[in-house]
Amino acid sequence: QVQLVESGGGLVQPGGSLRLSCAASGSIFRINDMGWYRQAPGKERELVAVITSGGTTKYVDSVKGRFSISRDNAKNTVSLQMNSLKPEDTAVYYCYAEIKGLFSQTRPYWGQGTQVTVSS
């Protein structure tokens, strides 16, 4: 069925950049919002960025001006460009998408999570 596969995490020094990507596949009828969450150990899961099917974006204050979310509706992908990374950005990042399946109601789908570590 529908699945999200994300990639692009890794270890980067402060001030560096990473680009996370997430691809949705399966029996998809329509994808509504797509976005990225992150969770650090002992912390609440946090919505980092979201993009609607029409391209409207929103960001948590802590990443504004540094992160940029985008999507390719033809490829069913969403990406998160992360620049000027800080140690506080260290977390597991999860892709999500609200997807209407061919034979199912709209519901959230989640990627497997990818580790982003910002450290010198």
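User: Are C22 and C95 buried or exposed here?

Analyst: Both C22 and C95 are buried, meaning under 20% relative accessible area (over 50% would be exposed, in between partly exposed; 1.4 Å probe, protein chains only). Keep in mind that this is a predicted model, where local features need pLDDT of at least 70, side-chain atom pairs count only at pLDDT 80 or more, and totals for chains, interfaces and linings use all residues. Residues are numbered from 1 along each chain as its sequence is written, and side-chain values use heavy atoms, with hydrogens and water left out.

User: What makes C22 and C95 a disulfide?

Analyst: The S to S distance is 2.1 Å, and the cut-off for a pair of cysteine sulfur atoms is within 2.5 Å, so the pair qualifies. The structure holds 1 disulfide. C22 sits in strand 3 and C95 in strand 9, so to speak distant parts of the chain, 73 residues apart (strands are DSSP E runs of at least two residues, numbered from the N terminus).

User: Why is that disulfide called left-handed or right-handed?

Analyst: Look at the torsion about the S-S bond: for C22 and C95 it's about -80°, so the disulfide is left-handed.

User: How do you know whether R66 is buried or exposed?

Analyst: R66 has a relative accessible area of 10%, so it goes down as buried. It's in the loop between strand 6 (57–59) and strand 7. A polar atom of the R66 side chain lies 3.0 Å from the backbone oxygen of S84, which fits a polar contact (N or O atoms within 3.5 Å, one able to donate a hydrogen and the other to accept it; residues adjacent in sequence count only if both atoms are side-chain atoms).

User: What about R71: why does it have no salt bridge?

Analyst: D33, the nearest side chain of opposite charge, is 5.6 Å away. A salt bridge needs a Lys or Arg side-chain nitrogen within 4 Å of an Asp or Glu carboxyl oxygen, so this pair misses out. R71 is in strand 7 and is buried. Its side chain does reach backbone oxygens: N32 at 2.8 Å and I51 at 3.3 Å.

User: Which residues of the largest nonpolar core touch the most other members?

Analyst: Of its 29 residues, W36, L80, M82, Y93 and I99 do. Strand 9 gives the largest share, 5 residues. Leaving out residues up to four places away in sequence, M82 touches, among others, L18, L20, F67, Y93 and V116 (contact means heavy atoms within 4.5 Å).

User: What makes that set a nonpolar core?

Analyst: The members are buried Ala, Val, Leu, Ile, Met, Phe, Trp, Tyr and Cys residues, joined through side-chain atoms within 4.5 Å.

Technical notes. Helices (H or I, at least four residues) and strands (E, at least two) are DSSP runs, numbered from the N terminus. Lys and Arg count as positive and Asp and Glu as negative; His and the chain ends are not counted.
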